[in-house]
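Work through the exercises below with the sequence and the structure at hand. Each task is followed by a solution in steps.

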Amino acid sequence: MAAEAEDAASVVGKSVMVVGIDDSEHSFYALQWTLRHLFYPAAGSSSPFKLVVVSAKPTPTSVIGLAGPGAADVLPFVESDLRKISLRVIEKAKEICTSHSVADVEFEVVEGDARNVLCEAVEKHHAEILVVGSHGYGAIKRTVLGSVSDYCAHHAHCTVMIVKKPKPKH
């Protein structure tokens, strides 16, 4: 199966680029920046990349933790909300791609921790580039929350591009 995907990519002559997105403005900015700078519909030429947009959907238990009695009653509602958020994220990504005239794109929602989901997507698609947005956390927040971009930069088996949203000019 993996060989077939690799053969298909080589026949078309396109490298695969994975863009990780979530429901943050930082990830949508990263997608827009990538489309604006690395895809060329205005010039009439096609991009050298096949785009795969991946959104990680957290598991319900990771969101609420193991909160004792009553947690099981809440799980279906949490799962429903997570599914709705994932669908909204993918719909917005589709709108962004359409507005930039990018059609050679796949969209995936994969359940799990974003760090692992993105690194696994790189392997699955034999991606040459992984693009992620930077939330701009300071050192303390990054240490406490963990940084998806830092993790991917160290563990993904491809080039990782971290796109930072510029601070607003006053």
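**Exercise 1. Burial of two charged residues**

Task: Decide whether Lys-50 and Glu-106 are buried, partly exposed or exposed in this predicted model.

Solution. Step 1: Lys-50 has a relative accessibility of 22%. Step 2: the relative accessible area of Glu-106 is 32%. Step 3: buried means under 20% and exposed means over 50%. Lys-50 is therefore partly exposed, and Glu-106 is partly exposed as well.

**Exercise 2. The pair formed by these residues**

Task: State how the side chains of Lys-50 and Glu-106 interact, and where in the chain the two residues lie.

Solution. Step 1: the N to O distance is 3.1 Å. Step 2: the cut-off for a salt bridge is 4 Å, and the side chains of Lys-50 and Glu-106 form one. Step 3: Lys-50 belongs to strand β2 (residues 49-57) and Glu-106 to strand β3 (residues 105-111). With their positions 56 residues apart, the pair links distant parts of the chain.

**Exercise 3. A helix-to-strand pair**

Task: Characterise the salt bridge between Lys-124 and Glu-108.

Solution. Step 1: the closest N and O atoms of Lys-124 and Glu-108 are 3.1 Å apart. Step 2: Lys-124 sits in helix α5 (residues 114-125) and Glu-108 in strand β3, 16 residues apart. Step 3: Lys-124 counts as exposed at 51% relative accessibility, whereas Glu-108 counts as buried at 11%.

**Exercise 4. A third pair and a network**

Task: Describe the salt bridge of Asp-113, then name the residues joined into one network by shared partners.

Solution. Step 1: Asp-113 pairs with Arg-115, and their closest N and O atoms are 3.2 Å apart. Step 2: Asp-113 is partly exposed at 34%, and Arg-115 is partly exposed at 21%. Step 3: the network consists of Lys-14, Lys-50, Asp-104 and Glu-106, joined by salt bridges that share partners.

**Exercise 5. The whole chain**

Task: Give the element order, the buried share, the share of long-separation contacts and the number of salt bridges.

Solution. Step 1: the protein has seven helices and five strands, in the order α-β-α-β-α-α-β-α-β-α-α-β from the N terminus. Step 2: of the 170 residues, 36% are buried. Step 3: among contacts with a separation of 6 or more, 75% join residues 24 or more positions apart. Step 4: the exposed area is about 10100 Å², with 58% of it supplied by carbon and sulfur atoms. Step 5: the count of salt bridges is ten.

Key
Residues are numbered from 1 along each chain as its sequence is written. This is a predicted model: local features need pLDDT of at least 70, side-chain atom pairs count only at pLDDT 80 or more; totals for chains, interfaces and linings use all residues. Side-chain values use heavy atoms; hydrogens and water are left out. Helices (H or I, at least four residues) and strands (E, at least two) are DSSP runs, numbered from the N terminus. Buried means under 20% relative accessible area, exposed over 50%, partly exposed in between (1.4 Å probe, protein chains only). Contact means heavy atoms within 4.5 Å. Accessible areas come from the Shrake-Rupley method with a 1.4 Å probe; for residues, only the protein chains shown count as cover.
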